[in-house]
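Thanks for making time this morning. I would like to walk you through one model, beginning with a pocket and then turning to a few individual residues.

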Amino acid sequence: VGFLPDKSSSSWPLIEAAGHFCVNVLASDQQQVCRQLAAKGADKFAGVDYALSEHGHPAIAGSIARIDCDIHSVIDAGDHWFALGTVLSLETTRDDDPMLFYRGRYGGFAELV
């Protein structure tokens, strides 16, 4: 599993030092949680309902899936890093539509007719 943290991220150095991370796939009704965790600030998890996964990673309550990973490699990608993780476990916890973010807006899936 890969993701691209900004080089100016305050969270990335903590994740990199820990050597592991958890991808939480948020549901379409979790926009406030997403906004809070994406914001700049010291304690992004203040007031967020979560528990630690079997690997010790924050698993957000109400997310539809989580993917526990160890950091496999980190590659320079301009003003970002490309962080690649080795999957340790994957769990689906809720059957619902995932949150989508595109062009600065939040949304979900819609049926095509």
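The lining of the largest pocket divides into 25 nonpolar, nine polar and four charged residues, where Ala, Val, Leu, Ile, Met, Phe, Trp, Tyr, Cys and Pro count as nonpolar, Asp, Glu, Lys and Arg as charged, and the others, Gly among them, as polar. Please keep in mind that this is a predicted model, in which local features need pLDDT of at least 70 and side-chain atom pairs count only at pLDDT 80 or more, while totals for chains, interfaces and linings use all residues. Residues are numbered from 1 along each chain as its sequence is written, and side-chain values use heavy atoms, with hydrogens and water left out.

Of the 38 residues lining this pocket, Ser11, Ile15, Cys22, Leu37 and Phe45 lie nearest its centre. Strand S2 (20-25) gives the most to the lining, with six residues; strands here are DSSP runs of E with at least two residues, helices are runs of H or I with at least four, and both are numbered from the N terminus.

Cys22, then, is one of the residues nearest the pocket centre, and what is the relative accessibility of Cys22? The value is 16%, so Cys22 counts as buried, a word that means under 20% relative accessible area, with exposed over 50% and partly exposed in between, using a 1.4 Å probe and protein chains only. The closest cysteine sulfur to that of Cys22 is in Cys69, 7.7 Å away, which is too far for a bond, given that a disulfide is a pair of cysteine sulfur atoms within 2.5 Å. Cys69 is also buried, because its relative accessible area is 0%, and by this rule the count of disulfides comes to zero.

Asp68, in strand S5 (residues 65-77), is buried as well, because its relative accessible area is 1%. Its side chain makes a polar contact (a pair of N or O atoms within 3.5 Å, one able to donate a hydrogen and the other to accept it, with residues adjacent in sequence counting only if both atoms are side-chain atoms) with the side chain of Ser53, at 2.9 Å.

Finally, Lys7 lies in the loop between strand S1 (2-3) and helix H1 (12-18), and counts as partly exposed because its relative accessibility is 35%. The side chain of Lys7 reaches the backbone oxygen of Gly78 at 2.8 Å.

Conventions
On a 1 Å grid over the protein atoms alone, a cavity is a set of points where a 1.4 Å probe fits but cannot get out, and a pocket is an open set with protein on both sides within 12 Å along at least five of seven lines; lining residues have an atom within 4 Å of a point.
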